[in-house]
Amino acid sequence: ASCTDPTAEALPHASECIDLHTARGYFGPRLLRAHLVRAEVLHALGEPAAARAAIARAHAVLAERAAHTDDEALRRDFLHANADHARILELAAAWS
């Protein structure tokens, strides 16, 4: 029996989730989580350029969704109160 790296196994699942959500025009918590997982997996696999591109895409999706909220307090909560969203912001700043 061979041992596979569970980190590497997560990459195609995250990518598939992103592709399915995008194809269906669906935005939800799983989409941003999949973007985050993809970026973190690429980083863990030693692919920093791909990880930076992935977190930049996650940040763009997050910012686009946040722009739909006119209320500043709600927008701030959307960006910072959700752990995945806050992590995307953190990594986007750290990896840029």
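Which helix gives the most to the lining of the largest pocket? In this predicted model, where local features need pLDDT of at least 70, side-chain atom pairs count only at pLDDT 80 or more, and totals for chains, interfaces and linings use all residues, that helix is H3, with 4 residues. Residues are numbered from 1 along each chain as its sequence is written, and side-chain values use heavy atoms, with hydrogens and water left out.

The largest pocket (an open set of points on a 1 Å grid where a 1.4 Å probe fits, with protein on both sides within 12 Å along at least five of seven lines) has a volume of about 160 Å³. Its lining residues, those with an atom within 4 Å of a point, include Ile18, His21, Tyr26, His35, Arg57 and Glu64. Helices H1 (6–24), H2 (29–44) and H3 (48–66) each supply at least two residues of this lining, helices being DSSP runs of H or I with at least four residues.

Turning to the interior, the largest nonpolar core (buried Ala, Val, Leu, Ile, Met, Phe, Trp, Tyr and Cys residues joined through side-chain atoms within 4.5 Å, where buried means under 20% relative accessible area with a 1.4 Å probe, protein chains only) has 22 residues, of which Ile55, Ile88 and Trp95 touch the most other members. H1, H2, H3 and helix H5 (83–95) each supply at least two residues of this core. Leaving aside residues up to four places away in sequence, Ile88 touches Leu32, Leu36, Ile55, Ala58, His59 and Leu62, contact meaning heavy atoms within 4.5 Å.

As for confidence, the chain averages a pLDDT (the predictor's confidence in each residue, from 0 to 100) of 90.

Note on methods:
Points joined across faces, edges and corners; volume = space filled by probe spheres on them. Buried < 20%, exposed > 50% of the residue type's maximum accessible area, 1.4 Å probe, protein only.
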